[in-house]
Amino acid sequence: MSNKDLHFELRGEQNEIAVIRLTRGAKRNALNDGLILALRDLFEKMPIGVRAAVIDGEGEHFCAGLDLSELQDRDAGQGLHHSRMWHAALECVQYGPVPVIAALHGAVVGGGLELASACHIRVADDTTFYALPEGSRGIFVGGGGAVRIPRLIGAARMTDMMLTGRVFNAQDGERIGLAQYLVPQGTAFDKALELAARIAQNAPLTNYALTHVLPRIAEQPADQGYMTEAMMAAIAQSAPEAKERVRAFLDGRAAKVQKA
Ligand code: 1HE
């Protein structure tokens, strides 16, 4: 499903990195239904050979959240299905074929923060700010934020953001766990692309374990989590690629871990 508000391109020597850009800058990349459906479609139909993806937004802001002009005249049933549509789309981002890195700048608010939270890594430049204005608009999050955001920053901080309209700046966002990387203004996309290139070199099965299995282990009781971990470890290490990578290290052909 092509959409004029969503740009897609492949980068890297072997087209292994997908770049997805929200291109609705005039409306601060507010997410209307068409954009959400197009995002879902794009992740469902990611070309074979893509190993990592970067999402960013055109203009001054990453994303202003739900397109509020579409919120009018929805009854309860329609509201329920609308929220479930967002869930389905952002599930495709989180549990899609590849690790996804969000390159953040400017406003990352409401549904924009919900989209960013569905990504695996968030890189924020120092113009970034985070808010959940749903609290002051008389509504609630509906794009999975109630599940994903407390897992990043805790329910208490999310409650504060929604009850008081608290806005976190880029530095505080990184400190509390909204982003894993904080970079100078205008460099989030380049940093995200650099990380994507690095991630694309991992064994695909390792990336799959990290994006699909680890979050599920994190939700399991410890006893079940240990068992799932053991099974994933056994599967990963039995792959020919894993054996070759370990052999390369033992033969001195692979990079050592460098001191940070
Ligand atoms: C929009 C939206 C939008 C901008 N829906 N049209 N999200 C919010 O409550 C955030 C609302 N937006 C803002 O607070 C600000 O727009 C920003 C801080 C993001 C950017 O400010 P600024 O000064 O750069 O832009 P602007 O002048 O406010 O907006 C430019 C245009 O974008 C303007 O339209 P125009 O036709 O007058 O030019 C705005 O109306 C439009 N615009 N944001 C529709 N969100 C799954 S549930 C999720 C629930 C939510 O996400 S609720 C939170 C919604």
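A polar contact is a pair of N or O atoms within 3.5 Å. The exercises below apply this cut-off and others to a predicted model.

**Exercise 1.** Identify which polar backbone atoms lie within the polar-contact cut-off of the ligand, for the residues L68, L66 and A26.

*Solution.* Begin with the nitrogen side of the ligand: one of its nitrogen atoms is 2.9 Å from a polar backbone atom of L68. Turn next to oxygen: a polar backbone atom of L66 lies 2.8 Å from an oxygen atom of the ligand. Finally, a backbone N or O atom of A26 is 3.5 Å from a ligand oxygen atom. With regard to burial, the ligand taken alone exposes 1000 Å², of which the protein buries 66%.

**Exercise 2.** Describe the shell around the ligand by residue, by class and by secondary-structure element.

*Solution.* The ligand is surrounded by 22 residues, and K27, A64, L66, G111 and R137 come nearest. By class, the shell divides into ten nonpolar, six polar and six charged residues. By element, at least two shell residues come from each of β5 (107–109), α3 (111–118) and α4 (134–137).

**Exercise 3.** Determine which residues place a charge over the rings of Y95 and F189, and how many aromatic pairs there are.

*Solution.* A charge sits over a ring if CZ of Arg is within 6 Å of the ring centre and within 35 degrees of the ring normal. For Y95, the charged end of R216 sits over the ring, 4.1 Å from its centre. For F189, R21 lies over the face, at 5.1 Å from the ring centre. Ring pairs require centres within 6.5 Å, and the count of aromatic pairs is zero.

Conventions
Residues are numbered from 1 along each chain as its sequence is written. This is a predicted model: local features need pLDDT of at least 70, side-chain atom pairs count only at pLDDT 80 or more; totals for chains, interfaces and linings use all residues. Side-chain values use heavy atoms; hydrogens and water are left out. A residue is near a molecule or strand if one of its heavy atoms lies within 4 Å of it. A polar contact is a pair of N or O atoms within 3.5 Å; within protein, one must be able to donate a hydrogen and the other to accept it, and residues adjacent in sequence count only if both atoms are side-chain atoms. Accessible areas come from the Shrake-Rupley method with a 1.4 Å probe; for residues, only the protein chains shown count as cover. Helices (H or I, at least four residues) and strands (E, at least two) are DSSP runs, numbered from the N terminus. Ala, Val, Leu, Ile, Met, Phe, Trp, Tyr, Cys and Pro count as nonpolar, Asp, Glu, Lys and Arg as charged, and the others, Gly among them, as polar. Rings of Phe, Tyr and Trp (its six-membered ring) pair if their centres lie within 6.5 Å; planes under 30 degrees apart count as stacked, over 60 as edge-to-face and the rest as tilted.
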